[in-house]
Amino acid sequence: MTSMVRKALQFGLFLLLAGVIWFSFSTPAPQQQIGQASRIFYYHIPMAWLTVVAYAVSLIFSIKFLRTKRELDDYRALWAAEIGTMFCVLATISGSLFAKVTWGVYWNWSEPRMLSIFLLLLIYGAYLALRAAIPNPERRGILGAVYSIFAFPTVPFFIFVMPRIMPSLHPTNSVVNQNLKFTMGLEVRLIFFVSLFCFTVIFFWIYFLGVKLHRLKLEHAES
Amino acid sequence: MSSKSSGWVNKATAVLVKDIRTELRTRYSLNALFMFAFTTLVVVSFSLRQAALKVDILAALYWIIIFFASMSALAGVFIKEEDTKTAQTLKLYAKPSVIYTGKLVYNIILLLLLCLLVTPLFVILMDVSVPDPLPFVVVILLGAIGLAGATTLIGAIVAKANVRGALFAVLSFPILLPLLVAAIGGTNAVLSGDGWIGAENDIKLLIAYAVIMIAISVVLFDFVWNG
């Protein structure tokens, strides 16, 4: 990719995100009963989504690292987990603020989605703590990879099993109804999906920049 | 084929017997585990005195005691091998899956002994009435197997790290969350008098959890043990 094309794409992303920010505040609130606070929907859901995407990327490269034992694969898993931690913290905070406005409490343990984002926060934290405790780089990579694979089955448990056991406080039906069909207006959908797209692109941009930087560092160390 | 599989079982049993024998000689983790569980139980019972507790709180307290007591001991079975530098010899002796099975059974036995100690004391000290003993025992049994099944691999990971004590609980908690939810739910249902029907979903969950965690552990243990 030439630098001109890259510049143009970056500028396009800037315009799209600026549009999202503008229209997310200038249009009517997406959920009438909740009101103004429901605008957080345009930002909170992309953050929660990227928390899961980052974990998936980290998981894929953890599995790959166990096969190849290449240091770059280990770094990919680590870097995705680090960005994922950032999005996880942001999603937890924004979700918690939204919970205060709509349900009157910052935190509710019987809400399955709060539990699942908290679970991911714990897994990310434990993964980074484990890595920090192992001095040998190869062993650090292997044990970190094993841990993130081992922790993975608990995530679908909280996303698919728990909501059936516990009644959810989440405004699920207002955004996505039982059959996963959108019941919101075209305008809201458009802003939401553009926001989701922009956030995802930003995630992969940060991700590939970090990987590129690390690869250059490795090459520099070799020569 | 049959001689091969019987050799596998024999070796796993030998690992188990070796661990039981060394444990009985020193009683290092056994004493610590039982005293820790006993102390926690007494602290809980003492601080609550005769407060009339609801069943859901009792179920939660029971599993909190079991969780923290198991955190103090279940990693020991691998830490011991690393500390005494016997892990290398053990690697020569058998395949990783054999060693994992021996250690897993050892941890399950340890945890069942713990439950055997804590449960009657808990029932007496907290004045719990158990309407239906059989499902109560089944929930505890499955909970203990799931707990040991998930934490044995974590124990092997932690044994290779530097700060072990705190790390074991930190790594185990997210993985044990589904187990704790199901075990507390099941215990709560049984103690409320709902019997098998009330605890049915939780029992299914506990079985599924134990099977999944042990199956993944067997695959991943190879990497931890040789890493």
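How many residue pairs are in polar contact across the interface of chain A and chain B? Just one, with both residues at pLDDT 80 or more. Keep in mind throughout that this is a predicted model.

**View 1. The interface of chain A and chain B.** Here we're looking at what the two chains put into their contact: 25 residues come from chain A and 26 residues from chain B. Together the chains bury about 2400 Å², and 87% of that sits on carbon and sulfur atoms. On the polar side of the ledger there's that one residue pair in polar contact, and the salt bridge count between chain A and chain B is zero.

**View 2. The side of chain A that touches chain B.** Now for the chain A half of the interface, where one residue pair is in polar contact with chain B. Three helices of chain A, α4 (112-132), α5 (137-151) and α6 (154-165), each chip in at least two residues. The most generous is α5(A), which gives eight residues to this side. As for what the residues are, 23 are nonpolar, one is polar and one is charged.

**View 3. Thr27(A) in its loop.** Zoom in on the loop between α1 (3-26) and α2 of chain A, and you'll find Thr27(A). Is Thr27(A) buried or exposed? With a relative accessible area of 8%, Thr27(A) falls under the 20% cut-off, so it counts as buried. Its side chain reaches back to the backbone oxygen of Phe23(A), at 2.7 Å. Setting aside neighbours within four places in sequence, Thr27(A) is in contact with Arg39(A), Tyr42(A), Glu187(A) and Ile191(A).

**View 4. Lys69(A), a positive phi in chain A.** This close-up shows the loop between α2 (41-68) and α3 (71-103) of chain A, which is where Lys69(A) sits. Lys69(A) isn't a glycine, yet its phi is positive, at about 60°. Its relative accessibility is 36%, so Lys69(A) counts as partly exposed.

**View 5. Asp127(B), a positive phi in chain B.** Over in chain B, the spot to look at is the loop between α6 (96-125) and α7 (133-159), home of Asp127(B). Again the residue is not a glycine, and again phi is positive: Asp127(B) comes out at about 55°. Why does Asp127(B) count as exposed? Its relative accessible area is 64%, and the cut-off for exposed is over 50%, so Asp127(B) makes the grade.

Definitions and conventions:
Residues numbered from 1 in each chain as written. Chains lettered and ligands numbered in written order. Predicted model: local features only at pLDDT ≥ 70, side-chain atom pairs only at ≥ 80, totals over all residues. Heavy atoms only, no water. Contact = heavy atoms within 4.5 Å. Buried area = accessible area lost by both parts, 1.4 Å probe. Salt bridge = Lys/Arg side-chain N within 4 Å of Asp/Glu carboxyl O. Polar contact = N/O pair within 3.5 Å; in protein donor to acceptor, adjacent residues only side chain to side chain. Helix = DSSP H or I, 4+ residues; strand = E, 2+ residues; numbered from the N terminus. Nonpolar A, V, L, I, M, F, W, Y, C, P; charged D, E, K, R; others polar. Buried < 20%, exposed > 50% of the residue type's maximum accessible area, 1.4 Å probe, protein only.
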